[in-house]
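Here's a walk through a small fold, strand by strand and then into the core. Have the sequence and the 3D view side by side as you read.

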Amino acid sequence: MTGAPDAPVVVRAVVHGRVQGVGFRWATRERLTVLGLDGAATNRPDGTVEVVATGPRDAVDRLVAWLRDGPTPGRVTRVDVDPGGV
């Protein structure tokens, strides 16, 4: 990785499973706030949720770990991560 170690990074994650209609987006927005990240969680037409987050690498990594391993509302079966963001 290049650049300053504390430079903000952007990540885009697509979360698969039973993640719509269960409070997943609300919980994800709360987690973004707790971790001090900027971002959003958006329902997609295919039933997945797209999460975009910007902030310090360690906080972004903690968010991705939470998305994968929870505890989250619903049931996550897979998280596809694009470390390049959007």
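Which residues of E3 are on its covered face, and which are on the uncovered one? Val49, Val51, Ala53 and Gly55 make up the covered face of E3, while Glu50, Val52 and Thr54 make up the uncovered one. There's a general pattern behind this: in a regular strand, side chains alternate between the two faces of the sheet. Keep in mind throughout that this is a predicted model.

**The overall layout**

Stepping back, the protein chain has two helices and four strands, and along the sequence they follow the pattern β-α-β-β-α-β. The four strands make an open sheet in the order E2-E3-E1-E4, with antiparallel pairing. Strands E2 (38-43) and E4 (75-82) are the edges, each pairing on one side only. On average, neighbouring strands of the sheet are turned by 20° against each other, direction ignored.

Here's how the strand pairs stack up, each with residues that sit across from each other.

| Strand pair | Sense | Bridges | Partners |
|---|---|---|---|
| E1 and E4 | antiparallel | seven | His16 and Arg78 |
| E1 and E3 | antiparallel | seven | Ala13 and Val51 |
| E2 and E3 | antiparallel | six | Ala40 and Val52 |

One more partner is worth clicking on: Gly17 has Val76 in E4 as its bridge partner. E2 and E3 also form a hairpin, with five residues between them. In that turn, Gly47 has a positive phi of about 95°.

As for the helices, H1 (residues 24-34) lies across E1, E2, E3 (49-55) and E4. It runs at about 175° to E2.

**Into the core**

Now for the inside. The largest nonpolar core has 21 residues, and those with the most contacts inside it are Val15, Leu37, Val51, Leu63 and Leu67. E1, H1, E3 and helix H2 (57-69) are the elements that give two or more residues to this core. Which element supplies the largest share of the core? That's H2, with six residues. As a general rule, nonpolar side chains in soluble globular proteins tend to be buried together.

Val15 makes a good place to stand and look around. Setting aside neighbours within four places in sequence, Val15 is in contact with Phe24, Thr48, Val49, Val51, Leu67, Val76, Arg78 and Val79. Val49 and Val51 in that list are on the covered face of E3.

**Two polar residues to compare**

Is Thr28 buried or exposed? Thr28, in helix H1, has a relative accessible area of 0%, so it counts as buried. A polar atom of the Thr28 side chain lies 2.8 Å from the backbone oxygen of Phe24. Leaving out neighbours within four places in sequence, Thr28 is in contact with Ala41, Val51, Trp66 and Leu67. Val51 and Leu67 turn up among the contacts of Val15 as well.

Then there's Asn43, which is found in strand E2. With 32% relative accessibility, Asn43 falls between the 20% limit for buried and the 50% limit for exposed, so it counts as partly exposed. What does the side chain of Asn43 meet in a polar contact? The side chain of Arg25, at 3.2 Å. Beyond residues up to four places away in sequence, Asn43 touches Gln20, Arg25, Thr48 and Val49. Asn43 and Val15 are 28 residues apart in sequence, and their C-alpha atoms are 9.7 Å apart in space.

**Whole-chain numbers**

To finish, some totals. Of the 86 residues in the protein chain, 33% are buried. The chain exposes about 5000 Å², and carbon and sulfur atoms supply 51% of that area. How much of the contact set with a separation of 6 or more comes from residues 24 or more positions apart? They account for 69% of those contacts.

Conventions
Residues are numbered from 1 along each chain as its sequence is written. This is a predicted model: local features need pLDDT of at least 70, side-chain atom pairs count only at pLDDT 80 or more; totals for chains, interfaces and linings use all residues. Side-chain values use heavy atoms; hydrogens and water are left out. Two strands pair if DSSP finds at least two bridges between them. Axes are lines fitted to C-alpha atoms, for helices over the stretch in contact, and angles run from 0 to 180 degrees between N-to-C directions. Contact means heavy atoms within 4.5 Å. A nonpolar core is a set of buried Ala, Val, Leu, Ile, Met, Phe, Trp, Tyr and Cys residues joined through side-chain atoms within 4.5 Å. Buried means under 20% relative accessible area, exposed over 50%, partly exposed in between (1.4 Å probe, protein chains only). A polar contact is a pair of N or O atoms within 3.5 Å; within protein, one must be able to donate a hydrogen and the other to accept it, and residues adjacent in sequence count only if both atoms are side-chain atoms. Accessible areas come from the Shrake-Rupley method with a 1.4 Å probe; for residues, only the protein chains shown count as cover.
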